[in-house]
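Open the model in your viewer and keep the selection box handy. We will walk through it one stop at a time, with a short note at each on what to select and what is there.

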Amino acid sequence: MRELTLVFQHADFYALNKPAGAPMHANEHEISVVHQLAQQLDEQLWPAHRLDTPTSGLLLVARNAAAAAALSQLFAERQINKTYLAIAAGKPKKKQGWVIGDMEKARRGNWRLCHSKLNPARTQFTSTAIATGYRLYELHPQTGRTHQLRVAMKSLGVPIVGDSRYGGEAHEYLHLHAWRLAFSYAGENFSLTAPVPDYGLFADVATKAVLAK
């Protein structure tokens, strides 16, 4: 079990750089990532939101119940600006814009995007070519549905590298990273960033050149 790394500390919360594969809920193989951090810091902690197990990146963890409630409310009310990075192979249906549509359950725990827009998931995105046949996507979800970004990428015809559930190119790691969170808390503005992973296409020189701009 790897040691967890903090990217920011506040009196009311921590910002953790969650490793890919670290679960939000305990399973037969390992404890939850929040419980692991609590043990590592010898401190009681509360999750303020969640990331899918294979997704890496910024995770806010509250240091008291009141902060947990306040941060969770910010997420629920869409007062936190979220930016994710994803890498996919192939040519997308469009290189930038919006993916908007209702989501419904499919087989084996999957989700799919529908053409209807009664209560739609909304994702804004841009993309940049980083290597032959690959693009880096900057994703800005405006809603917080289960598998929203993974389904949005599949709907563009370019499932994320490593996303075997939705037909992505095979890789040990899902190339989806919660990169940045911007929000106001207790009268103070925050813009927090998690270092980009050092594996797979995230470690590519071209990827780093694009992000350095």
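The tour below goes from strands to salt bridges, then to a helix, some loops and a surface patch.

Before you click, note that this is a predicted model, in which local features need pLDDT of at least 70 and side-chain atom pairs count only at pLDDT 80 or more, while totals for chains, interfaces and linings use all residues. Residues are numbered from 1 along each chain as its sequence is written, and side-chain values use heavy atoms, with hydrogens and water left out.

**Stop 1: strand β2**

Select residues 13–18, which make up strand β2. Helices (H or I, at least four residues) and strands (E, at least two) are DSSP runs, numbered from the N terminus. Is this strand enclosed or open? 6 of the 6 residues of β2 are buried, so the strand is largely enclosed by the rest of the structure. Here buried means under 20% relative accessible area, exposed means over 50%, and partly exposed lies in between (1.4 Å probe, protein chains only).

Now turn on the side chains. In a regular strand they alternate between the two faces of the sheet. On one side of β2 you will find F13, A15 and N17, and on the other Y14, L16 and K18; both faces are covered.

**Stop 2: the partners of β2**

Add residues 5–9, strand β1, which pairs with β2 in the antiparallel sense over 4 bridges. Two strands pair if DSSP finds at least two bridges between them. A hairpin of 3 residues joins β1 to β2. To see one bridge, pick L6, whose partner in β2 is L16.

Next add residues 56–62, strand β4, which runs antiparallel to β2 and is joined to it by 6 bridges. Pick F13 here: its bridge partner in β4 is A62.

**Stop 3: salt bridges**

How many salt bridges are there? The count comes to 5, where a salt bridge is a side-chain nitrogen of Lys or Arg within 4 Å of a carboxyl oxygen of Asp or Glu.

Select E43 and R63, whose side chains meet at 2.6 Å, N to O. E43 lies in the loop between α1 (33–41) and β3 (46–47) and R63 in the loop between β4 and α2, so this pair ties together parts that are 20 residues apart in sequence. R63 is partly exposed, at 26% relative accessibility.

Then select D52 and R50, which form a salt bridge of 3.3 Å, N to O. D52 is buried at 15% relative accessibility, whereas R50 is partly exposed at 46%. Add R150 and D163 to the selection: R50, D52, R150 and D163 are linked in a network of salt bridges.

One more pair to show is E104 with R112, at 2.7 Å, N to O. E104 is partly exposed at 33% relative accessibility, and R112 is partly exposed at 44%.

**Stop 4: helix α3 and what flanks it**

R150 from the network brings us to residues 148–155, helix α3, where 6 of the 8 residues are buried. Which ones are they? The buried residues are Q148, L149, R150, V151, A152 and M153.

Step back to H147, in the loop between β10 (134–141) and α3. H147 has a positive phi of about 60° although it is not a glycine, and it is buried at 12% relative accessibility. After α3 comes G157, with a positive phi near 85°.

Move on to G162, in the loop between α3 and β11 (176–185). G162 is buried at 18% relative accessibility. If you draw a distance from its C-alpha atom to that of K208, 46 residues away along the chain, you should read 19 Å.

**Stop 5: an exposed loop residue**

Go to D42, in the loop between α1 and β3. D42 is not a glycine, yet its phi is positive, about 55°. At 71% relative accessibility, D42 counts as exposed.

**Last stop: a positive patch**

Finish on the surface with R78, K94, K117 and R122, which form a positive patch. Such patches are made of residues with over 30% relative accessible area and no salt bridge, with like charges joined within 9 Å. R78 is in the loop between α2 (65–76) and β5 (81–89), and R78 is exposed at 52% relative accessibility.

Definitions and conventions. Patch = residues over 30% accessible without salt bridge, like charges linked within 9 Å, V, L, I, M, F, W, Y side chains within 5 Å. Areas by Shrake-Rupley, 256 points an atom, 1.4 Å probe, with all protein chains shown as cover. Lys, Arg positive; Asp, Glu negative; His and termini not counted. Charge placed at Lys NZ, Arg CZ, Asp CG, Glu CD.
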